[in-house]
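Open the model in a viewer and keep the sequence panel beside it. The stops below go from the contact between chains to single helices and one residue.

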Amino acid sequence: MITVANDDFAAGVLLAILALPVLAALALWALPVQLGERLAALYGAVVSGLVLVGSLLLWTPANGWIAYVSGGETLAPGEQVKPLHGVTDVPWIPSLGVRFHVGVDSISVPLIVLTALLTFLCCVYSLKITPRIGRMRSLVALLLVIEAGVIGAFSAMDLVLFFVCFEIVLIPMWLIIDIWGDDHDAPGRKRAATTFVLMTVFGSALMLLGFLLVFRQAGTFDLVQLTNSPVLDGHGVPLAAALLIAVGLAVKVPLWPLHIWLPDAHAKAPTVGSVILAGVLLKLGTYGLIRILVPVLPDATVTIAPYLGGFSTVAIIAGSLACLGQTDVKRLIAYSSVGHMGFIGLGIATLSPAGMKGALFANIAHGIITGLLFFLAGAIKDRHDTSDLATIGRALYARLPRIAALLTFACLASLGLPGLAGFWGEMLVLLGAYDPADSLPRATYLVFMVLAGLGTVLTAAYFLRLVRKLCQGDPAEHPAGAFAVDLSRIELITWTPLITLTVLLGVWPGLLLHQWGSL
Amino acid sequence: MIATVWRVAGVGFSLLLVLIAALLYGDSASQHAFLNSQIGEVTIGFAVRTDDLTVLLLAVVGVVATCVQIYSLGYLHERAASYHALVTLFTAAMAAVVVADSLFLLLIGWEVMGACSYLLISHYWERREARSGAVKAFLMTRLADVGFLFGIFVLGVGAGTFRISALDPAQIDPGVLTTGTLLLLVGVVGKSAQVPLQTWLPDAMPGPSPVSALIHAATMVAAGVFLIARLYDVFAASATTMTVLAIVACVTMLYAALCAAAAVEVKRVLAWSTVSQLAIMFAALSLGTHEGRHAALFHLVTHAAFKGLLFLCAGVLLHQVGSAAFVVLRRYTRRGRLRKALPVTFVTMTIGLAALAGVPGFAGFFSKDSVLEAAWEHAHGGSVVGWFVLVSVGLTAGLTAFYCMRLWLWVFFRTPALAGAVGAFEADDPMADLEDPDTSKLKDASWLMLAPLVLLALGAIALGYVDGLHLNWVVALASTVVVIFGVLPAYSLWSRGADPRPVLLEREFGVDRAYHALFVVPVRWLSKLSVLGDRDVVGAYVRAVGRSGALASQGFRLLQTGNVQTYLTAAVVGVVALAVLAGVIAS
C-alpha cells in the first residue's frame with residue numbers, strides 16, 4: 001500500500017520533473033548568449049539527467065489503471081478504483097471546471113521514463129555532436145520544453161490539461177525541424193515543418209471538439225471521474241465525440257492515411273529531433289487512445305474499433321510497401337514507424353488484455369528501437385553528408401564496421417526478431433487480434449491478424465533490403481571516404497542504454513508486463 | 001585478440017553442451033518454469049525441460065558444433081570474431097529450442113537460429129549470390145514462421161497453456177487441433193526447406209561450408225523434425241495433418257533427389273540431398289507410430305554425422321582447390337591428382353557418401369532401413385500412407401545412390417572414356433579448355449580441419465550400430481538391390497563420359513522463376529504503387545488544402561482595405577445577421 005507520506009513525495013517528484021525542464025529552459029535563455037552556447041549541452045544533460053532520476057523514483061510496483069472492459073462491467077472486488085499516485089489536484093480555471101489534476105500510474109510511468117531517457121540521451125549526444133547551424137542554447141531549451149510538455153501530457157488527468165500539454169509540444173518541434181533541419185534543403189525542411197504543424201494542429205482541433213462533446217455529455221473534464229463513470233451509449237453524441245477524438249489522435253499516431261506529414265518531418269529533422277519525434281511524440285497519440293478513448297467512451301469505442309483496426313492493418317501493409325520503395329535511409333526509417341504504429345493501433349482496436357498490453361509494450365519498444373535507428377541513421381548521414389542510399393554507397397561493413405553491425409542489430413530488433421524487444425509487442429497484438437474482446441466481430445479480426453502477420457514479412461523484407469543496400473556490397477567498388485570514422489565514444493555511450501534495453505526487454509518482457517498486472 | 005576470445009568461447013560452449021548432455025543422460029524427465037507473466041487467461045513466459053529427446057539432440061548439437069568450431073579454426077581467417085560469435089549464438093539458440101518447454105522460448109530459439117543463418121550465409125557479403133541467398137533464406141523462413149506463430153496461438157489458446165508438457169491432445173477440440181498443427185507444419189516446412197518452401201536451402205550454399213554443415217545439414221533444418229517429434233502426441237492426434245505431412249514429405253524427397261541428380265556443384269548436390277533426407281525423416285514421422293518416430297530420430301542422428309561430414313569435406317575442396325564446382329574439380333581430376341593429393345578427404349568423403357547412399361554396413365543404411373521397416377509394418381496394417389511412404393522412400397533410396405555415385409566418380413576419378421577430358425561439364429564454364437591447373441602444390445588441409453572429418457567419419461559408420469542390430473532381412477535385401485540399381489546407371493554413364501541433365505531438372509522444375517513472377521514482382525509493383533499513392537493521392541489532398549488556404553488568404557487580403565468605414569459596416573452587418581439568426585434559432 002502506498003502511504004500518504006509516500007504519495008506526497010511522489011506528487012512532489014512529479015511536480016518537480018514537470019517544472020524543472022521549463023524553468024531550466026527559461027534560465028538557459030536568460031543566460032548570456034556566449035556562455036549559454038558553450039554550456040547548453042552540458043546544462044541540458046544535467047537537467048534531463050535529474051528528470052530521469054526523478055522519473056525513475058516514480059516507478060513503483062503499482063497496480064494497473066483500471067480494468068479496460070467494454071460496457072458497464074464492474075471492477076473485480078478488491079481492485080482499487082484509483083491506483084494513481086503522485087496526485088496533485090487543484091482548481092485551475094474554475095469557471096469551466098478545469099482542474100490542474102496530474103498523477104501517474106503503471107501506464108504512464110514507463111512512457112515518462114522513456115521520455116526522460118531519450119531526452120537525456122539526446123542532450124548527452126549533443127555534448128559532442130551538434131547540428132551544423134549551431135545555436136545549441138535554443139535547441140537544448142526547446143528539447144527541455146518538449147520534455148516537460150510530453151511528461152505533462154502523460155500525467156494529465158484532465159482533458160483540457162492534456163490538450164494544453166499536447167499543444168505545448170508542437171511549437172518547439174516545429175521550430176526544431178524548421179531551424180535545425182536538413183541544411184541542404186531549406187525549402188524542403190520548411191515545407192516539412194509546416195505540414196507537420198498544420199496537420200497536427202488540425203488533429204488536435206478535432207480532438208478538442210471531441211473533448212467538448214464529452215464535457216457536454218458528462219459535465220466534467222476530469223479523467224478519473226470520466227473513467228469511473230464513463231459516457232455509455234455507442235450512438236449519437238458519444239459516437240461523434242469518439243470519432244473526433246480518434247481522428248484527432250490518429251493524426252498524431254499517425255494512422256494511414258493521415259501519416260503524410262511523418263516521412264517528411266522525420267527525414268528533414270535533425271538527429272535529436274527525429275529521435276524525440278519518433279521515440280516520444282508519436283506515443284502521445286496511442287497513449288491518448290488508451291487513456292481517453294477506450295475508458296471514457298467504451299461503447300462508442302466498440303463501434304469504431306473495427307474501423308480503427310482496419311486502418312491500422314492498412315497502415316501496416318501500406319507502410320511496409322512504401323518502405324520497400326524508399327531511396328533515403330531516414331525516410332525509410334520514418335515510414336517504418338507507420339507500420340509499427342499500425343501494430344499498436346491494431347492492438348488497441350482489439351480491446352482485449354493481450355492486445356492492450358501488446359500496444360503498451362510495443363509503444364515502449366518502438367521508442368527504444370526507433371530511437372536507436374534514428375541515432376544510427378543520423379550518424380551515417382553526418383559521415384556522408386547525405387542520407388540518400390545510392391550516394392552513401394554500399395559495403396558499410398567494410399567502411400564503418402561497428403556502426404554497420406549496430407544498424408543490422410537495430411534492423412533485426414525492429415523487424416520483430418523474437419528475443420529482442422520488438423517481438424513481444426507485435427506478438428501480443430497478434431494474439432489479441434486472434435482473441436479480441438467478445439463485443440467485436442472475430443472473423444474481421446482474424447483477417448486483420450493474417451494481414452498483419454504478412455506485414456511482418458514485408459517488414460523483414462525492407463529491413464533486409466536496407467542492410468543489403470547499405471551494409472553489404474563489394475568494398476572495392478565503394479572505398480572508404482576521407483571522414484569515415486567508426487563509432488565514436490560519445491555515440492557508444494549514448495546508444496548503450498538503448499541496446500541494453502532492447503536485449504533486456506527482449507529476454508525479460510515480464511519487466512514491463514508485470515507493471516500492467518491487473519490490466 | 002577479440003577473434004581469439006570468440007574462438008575459445010565457441011569451442012568451449014559447444015563442449016559445454018556435450019558435457020551437459022552427458023550429465024543429463026539417464027536423468028528422469030523434469031520441467032522448470034521461470035519469468036512468467038499472466039496476460040488475461042494465458043501465461044506468457046519461459047520454461048525448460050529435460051528428457052531423452054532433449055539429451056539426444058543436445059548431444060548431436062554439441063558434437064557437431066564442436067567439430068564445426070574446431071574445423072573453422074583452420075578454415076576461416078577473415079572476420080573470424082563475428083563468425084565465431086554468430087556460430088556460438090546459433091548453437092545457443094538451437095540449445096534453447098531443444099530444451100524449451102514453453103512454446104515462446106522455442107519460438108525465440110527458432111527465429112534467432114534463422115537470424116544467425118541469415119547473417120552467416122551472408123558472411124561473404126561482398127559476393128552477390130551470398131547476399132541474395134541470405135535474404136531469400138530469411139524471408140522464406142520468416143513467412144513460414146508467421147504460420148508457426150499463428151499455430152502457437154491456436155494451440156495455446158485452444159489448450160489454455162503455452163507449455164509443451166501441458167498440451168494434451170485429448171483436451172483440445174479436434175478442429176482446433178488440426179488447424180493448429182497444420183499451421184505449425186507451415187513453420188516446419190519453411191525451416192526444413194520442404195516443398196513448397198524448398199528453394200532457399202540450395203541458394204544458402206554460398207555461406208561458409210562449416211556453417212552449411214552445422215546449420216543447413218545437421219541442426220537447424222532438422223529442428224522441424226525435432227519439433228514434430230517433441231509434439232508427437234499432438235500431431236499424431238490429427239490424421240489430416242499427418243496425411244498432409246506424408247504428401248509433403250514424399251513429394252519433397254523425390255523432387256529434391258531429382259534436383260540433386262542434376263546439380264553440378266558439390267555443395268548444391270549436398271543441399272538438395274539434405275532436403276531429400278529430411279523428407280525421409282518427415283515421412284517416417286508421418287506414419288504416426290512409435291516406430292516411425294524412433295526411425296526418424298535415428299535417421300536424424302546418423303544424417304547429422306554423415307551430412308555434416310560431407311559438407312566439411314566439400315569445405316576442404318573449397319579451401320584447398322578454391323571451388324567445389326564439378327567443372328573446376330574435373331580439371332584437377334584429369335590426372336587423378338585430387339584423390340592422391342587429398343587422401344584423408346577422399347577416404348572420409350567416400351565414407352560419407354557410402355553412408356548417404358545406404359551402402360550396407362554404414363550408418364545411413366541402418367537408419368534408412370529402420371524407416372523402411374516402420375513403413376513396411378504400417379503398410380501391412382492396411383495403411384495407404386504406409387504404402388505411399390514405402391514406395392517413395394524406396395525410389396528415393398535408388399536416386400540417392402545414383403547421385404552419390406555420380407558425385408564420387410566425377411569428382412575423384414578420371415573418366416576412362418574421355419581419357420582425361422573435362423567432358424560433360426564444359427558447357428558450364430567457357431574457361432574449361434584452359435591448361436591443366438598447377439596441381440603440384442595441392443595438398444590436404446591442416447589436421448585442425450581433418451580431425452573433425454575423421455571423428456565424423458567414425459560416427460558415420462559406428463552410429464549405425466548403437467541402436468542394436470535388428471534387421472528385417474527382406475527389407476534390407478530389397479533396399480540393397482535398390483541401391484545397386486541406382487549405382488549401376490551412374491557408373492555406366494560416367495564410364496561413357498556422359499552426364500545427361502534434362503533441362504527440367506537443371507532448372508529445378510522452374511519453381512524459382514515461378515515464385516519470382518508470382519510473389520517478388522507483384523510486391524515490387526505494389527511498393528511502387530504505394531509510394532506513388534502517398535505522393536500523388538494522399539499528398540495531393542494535403543497540398544490541395546494548403547493551396548486553397550493560400551487562395552482564401554489572398555481573397556481575404558482584398559477585404560483588408562484599411563478603410564475603417566468598410567470594417568465598421570461589415571461588423572454592423574455581421575452583428576445584425578447574428579442577431580437575426582439567433583432569433584430564428586431561439587424561436
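Start by selecting both sides of the contact between the chains: 40 residues come from chain A and 33 residues from chain B. Two residues are in contact if their C-beta atoms, placed from the backbone, lie within 7 Å. On the side of chain B that touches chain A, the elements giving two or more residues are β1 (30-39), α4 (103-121), α5 (128-159) and α22 (511-559) of chain B. Helices (H or I, at least four residues) and strands (E, at least two) are DSSP runs, numbered from the N terminus. Colour α5(B) separately, since eleven residues, the largest share of this side, come from α5(B). By class, this side of chain B has 20 nonpolar, seven polar and six charged residues. Here Ala, Val, Leu, Ile, Met, Phe, Trp, Tyr, Cys and Pro count as nonpolar, Asp, Glu, Lys and Arg as charged, and the others, Gly among them, as polar.

A note on conventions: this is a predicted model, in which local features need pLDDT of at least 70 and side-chain atom pairs count only at pLDDT 80 or more, while totals for chains, interfaces and linings use all residues. Residues are numbered from 1 along each chain as its sequence is written, and chains are lettered from A and ligands numbered from 1 in the order in which they are written.

Next, show chain B alone. Its secondary structure comes to 23 helices and two strands, and its C-alpha atoms fill a box of roughly 115 × 65 × 55 Å along the principal axes. Of the 587 residues in chain B, 53% are buried. A residue is buried if 20 or more other C-beta atoms lie within 10 Å of its own, exposed if 12 or fewer, and partly exposed in between, with C-beta atoms placed from the backbone. Select domain 1 (262-502) and domain 2 (517-586) of chain B; such bounds come from an automatic or database domain assignment. The centres of these two domains, taken over C-alpha atoms, are 73 Å apart.

Now find the largest nonpolar core, which has 406 residues; those with the most contacts inside it are A:V140, A:L376, B:V225, B:A283 and B:A460. A nonpolar core is a set of buried Ala, Val, Leu, Ile, Met, Phe, Trp, Tyr and Cys residues joined through C-beta atoms within 7 Å. Centre on A:L376: leaving out residues up to four places away in sequence, A:L376 touches A:I403, A:L406, A:L407 and A:A410.

From there, select α16 of chain A, residues 401-414. How many of the 14 residues of α16(A) are buried? Ten are, so α16(A) is largely enclosed by the rest of the structure. Among the buried ones are A:I403, A:L406, A:L407 and A:A410. After α16(A) comes A:G416, with a positive phi near 85°.

Move on to α12 of chain A, residues 329-350. This helix is mostly covered, with 22 of its 22 residues buried. A:L351 follows α12(A), and its phi is positive, near 55°.

Finish at A:T496, in helix α19 (residues 489-507) of chain A. Is A:T496 buried or exposed? A:T496 is exposed, because 11 other C-beta atoms lie within 10 Å. Measure back to A:G416: the two are 80 residues apart in sequence and 20 Å apart in space, C-alpha to C-alpha.

Methods: The expected span of a helix is 1.5 Å times one less than its number of residues.
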